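Work through the exercises below with the sequence and the 3D view open. Each task is followed by a solution in steps.

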Amino acid sequence: MNKPQIHSDAKTWEASPNNLEPFWMGFTPNRAFKQRPRMIARAKDMHYYDMAGRAILDGSAGLWCSNAGHCRDPIVAAIQKSAAELDFAPTFQYGHPKVFELASRLATMAPGDLNYAFFCNSGSEAADSALKIALAYQRVKGQASRTRLIGRERGYHGVNFGGISVGGMVGNRKMFGTMLAGVDHLPHTYNRKEQAYTKGEPDYGMHYADELERLVGLHDASTIAAVIVEPMAGSTGVLPPPKGYLKRLREICDKHGILLIFDEVITGFGRLGYAFAAERFGVIPDMITFAKGVTSGTVPMGGVMVRQGIYDAFMTGPDHAIELFHGYTYSGHPIAAAAGVATMDLYRDEKLFENARKLEGVWADAAMSLKGNPMIEDIRTLGLVAAFDMKVVEGSPGLRAYKAMENAFHDFGFLIRITADTIALSPPLMITENQIDEIFSDKMPKVLKSVA
Ligand SMILES: Cc1ncc(COP(=O)(O)O)c(C=O)c1O
């Protein structure tokens, strides 16, 4: 590659889709990808299609986001209509109807008095927005000393500074995780010896929540603003919460006046069979972050559901004064909001959350049928999610899963998500029993055999 000189017309590289070099891909080994690209040309329902038109079964709803399936007609139509009718309108000091419609839909779906929606554009922004709202809330309540944020090992809350700091993924943290002071972490809840091959919530591990008491003992409750956890840790390999764990966290937070934030960027919108995991587990957090499934991945959008009492605490001072100094140019973007409303309609009309709930048992049994495969060391399932820990190639962590992903795509027409040596599956919620069978009786055994 020749380096560009001073003028852009001096660039000698080809400007075309075939020039893979200039795109620096995130969370991707760029050199390996560019040597053997996995290129996706289009999508419909449960499938992607590569450049040659070959169908690829989507085993991970894109990146845990295309919950309604791909290129669904009503969502496409809503996006097209909005793009032609209202391309952009500010939501600072102005508004447009779709964003209010979506907020009220979400407020209706969210449990308890999680009655307010704050919008942003991604899960990372949602996490940072929730953390900022927590800090601001404590301050407006006269508790400005509560600035500490508690996350969890093996948690993932996106890639912005707040989210990385409370997150618990070493790869993300080691370079950037030290920038925010006053953060601590709960231990993660996974214990293979006690929990291996569990369907749903493991019996063992509720006591990990009591570690919050230890942190309160160490730092004092008067310094702690909020705890943020994913109800089910997704990106670090699918860790369903132990039975009673989330309730216990809620109790300890209540006891000490600490806000509890559920990061539902993955677990929201039907992934666990309900609008939000909070409903499934019967625990109402003070805030829920969401993204991905809110538009079924079609248009970037994220947000935070907030309880009545938190919103009310800000609604003081003169009427003309801004209450929260936070927001993004594209908060509640009209096209995203239109996609969001159409997505909620589709979830409702096709009963997609119910479908996930109905299929959970079939899905879990089918996933567990791979127990005994020589490549597998543990399997975990919850809702329409399954994770497979693979044997690690000695001295080369991540290699086996990477090869599995390559082979799945190129040889078996199957798109999977990997994290370290774990394969995580989370298909669109429109999946059928036949397709579940195809995944676990055909595609997964072939993929595993190919990396044995
Ligand atoms: C729980 C959780 N929070 C936050 C994020 C970050 O979302 P985004 O990539 O949209 O910024 C993710 C992404 O996978 C996630 O799983």
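**Exercise 1: strand pairing**

Tyrosine 48 stands opposite isoleucine 56 in β3. This is a predicted model, in which local features need pLDDT of at least 70, side-chain atom pairs count only at pLDDT 80 or more, and totals for chains, interfaces and linings use all residues. Residues are numbered from 1 along each chain as its sequence is written.

Task: find how many bridges join β2 to β3, and place these strands in their sheet.

Solution. Start with the terms: strands (E, at least two residues) and helices (H or I, at least four) are DSSP runs, numbered from the N terminus. Two strands pair if DSSP finds at least two bridges between them. Strand β2 (residues 47-50) is joined by 3 bridges to strand β3 (residues 55-58), and the two run antiparallel. Next, follow the sheet: it is open, has 4 strands in the order β1-β2-β3-β13, and its pairing is mixed. At the edges are β1 (40-44) and β13 (414-415), each of which pairs on one side only.

**Exercise 2: an enclosed strand**

Task: explain why β5 is described as largely enclosed, and name its partners.

Solution. A residue is buried if 20 or more other C-beta atoms lie within 10 Å of its own, exposed if 12 or fewer, and partly exposed in between, with C-beta atoms placed from the backbone. In strand β5 (residues 148-152), 5 of the 5 residues are buried, so the rest of the structure largely encloses it. In a regular strand the side chains alternate between the two faces of the sheet. For β5, Arg148, Ile150 and Arg152 are buried on one side, and Leu149 and Gly151 are buried on the other. Now take the partners. β5 runs parallel to strand β7 (residues 224-229), with 3 bridges between them, and isoleucine 150 stands opposite valine 227 there. β5 also runs parallel to strand β6 (residues 183-186), joined by 4 bridges; the bridge partner of arginine 152 in β6 is leucine 186.

**Exercise 3: a loop residue**

Task: decide whether alanine 209 is buried or exposed, and list what it touches.

Solution. Alanine 209 lies in the loop between α8 (192-195) and α9 (211-219). It has 25 C-beta neighbours inside 10 Å and therefore counts as buried. Two residues are in contact if their C-beta atoms, placed from the backbone, lie within 7 Å. Leaving out residues up to four places away in sequence, alanine 209 touches Tyr245, Arg248, Leu249 and Ile252.

**Exercise 4: two domains**

Task: describe where domain 1 touches domain 2.

Solution. The bounds come from an automatic or database domain assignment, which gives domain 1 (38-68 + 351-450) and domain 2 (75-349). Their C-alpha centres lie 26 Å apart. The contact takes 29 residues from domain 1 and 29 residues from domain 2. On the side of domain 1, α14 supplies the largest share, 7 residues. That side divides into 16 nonpolar, 8 polar and 5 charged residues. Here Ala, Val, Leu, Ile, Met, Phe, Trp, Tyr, Cys and Pro count as nonpolar, Asp, Glu, Lys and Arg as charged, and the others, Gly among them, as polar.

**Exercise 5: the ligand**

Task: state how many residues surround the ligand and which helix gives the most.

Solution. A residue counts if its C-beta atom, placed from the backbone, lies within 6 Å of the molecule. The ligand is surrounded by 14 residues, the closest being Ser122, Gly123, Ser124, Gly158 and Val265. Helix α5 (residues 123-140) gives the most, with 3 residues. By class, the shell has 5 nonpolar, 7 polar and 2 charged residues.
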